[in-house]
Amino acid sequence: MNDLFTISGKVIVVTGATGVLAGGTAQYLQKNGAKVIYLGRNQQRVDQALELARTISEDCMGVVCDVLDEKGLQTAFGKVLGKFGRIDALINGAGGNMPGATIGPDQEIFDLDIDDYGKVMDLNLKGTVLPTLIFGKAFQKQGYGCVINFSSMSSPQALTRVLGYSNAKAAIDNFTRWMAAEMALKYGDKIRVNAVSPGFFISKQNKALLTNEDGSFTDRGQQVINKTPFRRFGNQDEIYGPIHFLLSDASAFVTGTVVAVDGGFSSFCGV
Ligand SMILES: NC(=O)c1ccc[n+]([C@@H]2O[C@H](COP(=O)([O-])OP(=O)(O)OC[C@H]3O[C@@H](n4cnc5c(N)ncnc54)[C@H](O)[C@@H]3O)[C@@H](O)[C@H]2O)c1
């Protein structure tokens, strides 16, 4: 048997675990034998996620916590260590956008709502940095651990309209490299920090932007498809394999990378 890819028994904290991509990933990991902590900010949604998780296995736990709440994260950290005694990995899945941090088609660049811009920067960037600093202490102590961040295709190239989110995701790429280097230099080569960068997957937030009610593409959806050699959006389960790889020993020498999961969007100029 090749155990390079084994993730069974790993204790994995997933933020944003009530959402589409991170939530689906959390269930996938549990189905593959991992012990998964579903971290979300809404009690009812965490309860719902946990109800489903328990149909997979009892090796799970729900924690209600905002990723921007330092005290709440410290409490969550204590609860996870109390139950499982260690943490093998952290997946920073919480993230998202707000209309005010984007420029609508009829708006001027100068109409950007700087408060919403700040909120989106905070959620995506600080909401990744803070959990990493708190849960990462377990990795320092143990001498091993793994962080996986969520970047976006709006990071490496300019994506029209979307400013705050793009700025934050670009900073996440940088944070991923920085943290990978610092962790390894200070605590050794068993701590790895990487990111996945999803192309366009249909989520609650972007569904109306990319598809019409009859399932056809909006103009923006069509523009995305035109720049995607696979000529389709991503399916939720297509993010699971790259994350599995980054969590497993198969990627033991991989750190500081941002893995594009995008049907070729980032490699293709569109022509
Ligand atoms: N769907 C896509 O096409 C796409 C593309 C690129 C990157 N991403 C990134 O992937 C990740 C998951 O996105 P998704 O599409 O599943 O979106 P989603 O909206 O379904 O999930 C995001 C989750 O984050 C949670 N969240 C938001 N603010 C929070 C806070 N302050 N504290 C704790 N949790 C909070 C939400 O409740 C939600 O459950 C995000 O970081 C997103 O930016 C998604």
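These exercises cover the salt bridges and the ligand shell of a predicted model.

Local features need pLDDT of at least 70 and side-chain atom pairs count only at pLDDT 80 or more, while totals for chains, interfaces and linings use all residues. Residues are numbered from 1 along each chain as its sequence is written, and side-chain values use heavy atoms, with hydrogens and water left out.

**Exercise 1. Find how many salt bridges the structure holds, and place the one between Asp116 and Lys119.**

Step 1. Apply the criterion: a side-chain nitrogen of Lys or Arg within 4 Å of a carboxyl oxygen of Asp or Glu. The structure holds six such bridges.

Step 2. Check the pair. The N to O distance between Asp116 and Lys119 is 3.8 Å.

Step 3. Locate both residues. They lie in helix α4, residues 114-142. Their spacing is three residues, about one turn of the helix. Helices here are DSSP runs (H or I, at least four residues), numbered from the N terminus.

Step 4. Classify the two ends. Buried means under 20% relative accessible area, exposed over 50%, and partly exposed in between (1.4 Å probe, protein chains only). Asp116 counts as buried because its relative accessibility is 13%. Lys119, at 48%, counts as partly exposed.

**Exercise 2. Are Asp189 and Lys190 buried or exposed?**

Step 1. Confirm the bridge. The closest N and O atoms of Asp189 and Lys190 are 3.1 Å apart.

Step 2. Read the accessibility. Asp189 has a relative accessible area of 57%, so Asp189 is exposed. Lys190 is at 52%, so Lys190 also counts as exposed.

Step 3. Set another bridge beside this pair. Arg232 and Glu238 meet at 2.7 Å, N to O. Arg232 is partly exposed at 34%, and Glu238 is partly exposed at 30%.

**Exercise 3. Describe what surrounds the ligand.**

Step 1. Count the shell. It has 25 residues, each with a heavy atom within 4 Å of the ligand. The closest are Val20, Leu21, Tyr165, Phe201 and Gln205.

Step 2. Assign elements. Helices α1 (20-31) and α5 (164-187) each supply at least two shell residues.

Step 3. List N or O pairs. A polar side-chain atom of Asp66 lies 2.9 Å from a ligand nitrogen. A polar backbone atom of Gly19 is 3.0 Å from a ligand oxygen. In the side chain of Asn206, an N or O atom is 3.4 Å from an oxygen of the ligand.

Step 4. Judge the cover. Taken alone, the ligand exposes 830 Å², and the protein buries 93% of that. These areas come from the Shrake-Rupley method with a 1.4 Å probe.

Methods. Polar contact = N/O pair within 3.5 Å; in protein donor to acceptor, adjacent residues only side chain to side chain.
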